[in-house]
Amino acid sequence: MAEPCGTAHDPPGHIDLEEITQNAHKLLQEAIVKSNNLPRDLSWKLYASHRHFRNATDQLSKNTIVLSNCLINHDYPKQANFKNGEIENNLEKLMDINNDELDKVKLKIEKVKNGDNHTNEQIFNKPIVNPFMTFRRNNTLSLLPDSNTVMPQINFKDKIDNTYSLWQPIITYKPNNIQPLQVQLEVDDDGNDLGYTHPYQIELDLYEPPKHFLEEDDQPLEFPPPIESTVFTYVDTIEQLQNLVNELHLANEIAVDLEHHSYYSYQGYTCLVQISITNQDFVIDALKLREHLHLLNESFTNPKKLKVFHGACNDIRWLQRDFGVYVVGMFDTYEASLVLNFKGKKLLDLLKRFCNVETDKRYQTADWQIRPLPSEMILYARRDTHYLIYIWREMKKLLLKDPNGMNLRQVFENSKRICLYKYMKPKFTQSSYLELYNRSNKTFNSRQLAAFKLLFKWRDNQARSADRSVEYIMNNSILFKLSEELPGDTETALRCCQGATPTLKNHLVMILPILISCRDLPLEPTLYHTPASIMSALEHVEQENQSEMLQAFSSDVTKQEEPLTTLAPYAPTTGILASISSTLAQNIYRRGFLPPYERYKFYRNLLRKEYFGKLFNYIQGSDQSTDQPAKSIKEDAACKVISEPYLQLKLTNSASNDNGEGPSCSGIRKQQAYVTGH
């Protein structure tokens, strides 16, 4: 890396930290791009079979080990060196060193902010502004210590409520209404609270897009001018917000987008609202004007104005939660891309397709709560809405080419359905942990699953009380690792918390008793863990079985020649029972795997063959004095119908007859002994 060159005005020994950071990040990006181009998996094995490739990669690995050891020996002389070929050990050492280095950086930043004279402040003469590095949605890494984390929600006039109570709409005034403002509590048949009614339910149900939005444009819309030459206003005062509201009164088409933050907040909050109209862009500081943004309802609920969003599912809910703003009359370009069956449906794909504009998505997961916002982030925010009105016009042309003329209306209907979404606070139930557990490939025993459930509950409680995301308190990988390994001491627990925030490390004293108590639990037999996808398939199969069985029974009853004057016991024929059994067996094959309890139920039915045989004979009115061979044939037929789904699982072939017609009554006890023994 080239040494940074100071300017003529810099004092001797001056170090430009921002320049070093940006150069290091640039080199890091280049290294990542090159490493991603290396072959992987089977391709790697194929290339490694060539001597020249193998020699080059081996030498590169040795060089990396040597350079890494030179770096760590300077600050960590007692640290064991990296060794070639020991990937897992090297990775663990590297994570420990990175954590220590981050702790040092946090400590020095803390000293500078507290005015410590022993710290060389010349090194920190410029703020570290690298938002796409200081915040990553899928990780808990933060370059700032917890005590210095900005919490704008402290200054919100509305109280943040993270309790388990229902969220209530905060709207107090309803412009453009057909029905006056009414917010009522909805309950189900059992009296359980479901939530509050949508304030604009009636208006959305009766909404019909204006005629000119459903027809071809008289004049095509000109391509938007470059962002740099477009009038732009950063709205952070009430006067500027009122001017924006006046501008929206004159516009017929309004492009809208939001930037949200959810890492340092349990429910999250909106940081920016971007709005574009013809030849003008606006970016609203939603943190500063949070309690005044309800003024947008005047235009956002006006059915004569079209609001253009892209992927508005979350935006609609965030507008309701933070500002009490609702939308009536929307066109979602994402829904349009679904109807048009575009291969690329993201906004960056639409920008490339219709506007030939490349978008830098590195700010997509940036920390939008930082102030002041860098110019690069403001430019990124403007680009999300600057071209959106033009994209809507171009997509309308494609939708109107439908010979049936229904594609455009379908998009408006789908968009209206999204406008009816209601914000609901995150729910927590005693089985909430199973949703995360079912998505994983883990198979825990009773102790591990108990620890997972308790840690999941502890994490949610801590996140609600501290107003932090659950990922900030404890990310999922650490949650699974602690539950799986069940450490019994602090040192082992710290090894499981690699990359965790200081908050989690400081709370290990609360976590350890939970883990230790779960280690002492009796080890119960592990029950089969059925994934949610299979459970859904099982429910579908059961519905099919019930429907087919009812249809078969009813069709057989209607074939009777004489009407029934008295309701007699219905006796299904052997053919109907065989048909139902065959359908059930086919459904079992579609499942791919039958849980143990399901196998038990089929085997239990097998053992009840005598009961079913007698009941079958009784319904048919057969004489008890019937000869034994005929009775045995009927019992064998009933036994085959009931046991066929179980036997075709191929648990054993010992109970089958030589003629292949299923088990006889004499083979039941043998099969019972076999299953019991296994």
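**Group meeting talk: salt bridges, a sheet and its helices**

I start with one pair of side chains: Lys-352 and Glu-358 form a salt bridge, and their closest N and O atoms are 2.9 Å apart. Before going further, please note that this is a predicted model. How exposed are the two partners? Lys-352 counts as partly exposed because its relative accessibility is 39%. Glu-358 counts as exposed, since its relative accessibility is 58% and the cut-off for exposed is over 50%.

As background, side chains of opposite charge can pair when their charged atoms come close. The count for this model comes to 22 salt bridges.

A second one joins Lys-174 to Glu-203, with 3.1 Å from N to O. This pair links distant parts of the chain, 29 residues apart. Lys-174 sits in the loop between helix 5, residues 131-134, and strand 1, residues 185-187. Glu-203 belongs to helix 6, which covers residues 201-205. Are these two residues buried or exposed? Both Lys-174 and Glu-203 are buried.

The third pair is Arg-495 with Glu-491, where the N to O distance is 3.6 Å. Both residues lie in helix 19, residues 490-496, and they are four residues apart, about one turn of the helix. Arg-495, at 38% relative accessibility, counts as partly exposed. Glu-491 has 56%, so Glu-491 counts as exposed.

Salt bridges also form a network here, and its members are Asp-158, Arg-290, Arg-321 and Asp-322.

Now the overall picture. The secondary structure of the protein chain consists of 27 helices and eight strands. The chain has 678 residues, of which 39% are buried. If we take contacts with a separation of 6 or more, 70% of them are between residues 24 or more positions apart. The exposed area of the chain is about 39400 Å², and carbon and sulfur atoms supply 53% of that.

Next, the sheet. In what order do its strands run? There are six strands in an open sheet, ordered 3-6-5-4-7-8, and the pairing is mixed. Strand 3, residues 231-235, and strand 8, residues 330-332, are at the edges; each has a single partner strand, so one side of each has no neighbour in the sheet. From one strand to the next, the twist averages 20 degrees.

Let me go through some of the pairings. Strand 4 and strand 5 run antiparallel and are joined by seven bridges. Across that pairing, Asp-257 stands opposite Gln-274 in strand 5. Gln-274 also stands opposite Val-283 in strand 6. Strand 5 and strand 6, the latter covering residues 280-285, are antiparallel too, with six bridges between them. These two strands form a hairpin with two residues between them. In that turn, Asn-279 has a positive phi of about 65 degrees.

How many residues of strand 5 are buried? Nine of the nine are, so strand 5 is largely enclosed by the rest of the structure.

Moving along, strand 7, residues 306-309, pairs with strand 8 in the parallel sense over three bridges. Here Lys-307 is opposite Met-330 in strand 8. Helix 9, residues 313-323, packs on the sheet and touches strand 4 (253-261), strand 5 (269-277), strand 7 and strand 8. The direction of helix 9 makes about 115 degrees with that of strand 5. Helix 13, residues 388-399, lies across strand 4, strand 5, strand 7 and strand 8. Helix 13 runs at about 120 degrees to strand 4.

One residue to look up on your screens is Gln-240, which is found in helix 7, residues 238-250. Gln-240 counts as partly exposed because its relative accessible area is 27%. Which residues does Gln-240 touch, leaving out those up to four places away in sequence? They are Thr-233, Tyr-234 and Val-235. Phe-282 is 42 residues from Gln-240 along the chain, and their C-alpha atoms are separated by 10.0 Å.

Last, helix 3, residues 51-75. This helix has 25 residues and reaches 37 Å from its first C-alpha to its last. That is close to the 36 Å expected at 1.5 Å a residue. Buried residues in helix 3 include Phe-53, Thr-57, Ile-65, Asn-69 and Ile-72.

That is the end of the talk.

Definitions and conventions:
Residues are numbered from 1 along each chain as its sequence is written. This is a predicted model: local features need pLDDT of at least 70, side-chain atom pairs count only at pLDDT 80 or more; totals for chains, interfaces and linings use all residues. Side-chain values use heavy atoms; hydrogens and water are left out. A salt bridge is a side-chain nitrogen of Lys or Arg within 4 Å of a carboxyl oxygen of Asp or Glu. Buried means under 20% relative accessible area, exposed over 50%, partly exposed in between (1.4 Å probe, protein chains only). Two strands pair if DSSP finds at least two bridges between them. Axes are lines fitted to C-alpha atoms, for helices over the stretch in contact, and angles run from 0 to 180 degrees between N-to-C directions. Contact means heavy atoms within 4.5 Å. Accessible areas come from the Shrake-Rupley method with a 1.4 Å probe; for residues, only the protein chains shown count as cover. The expected span of a helix is 1.5 Å times one less than its number of residues.
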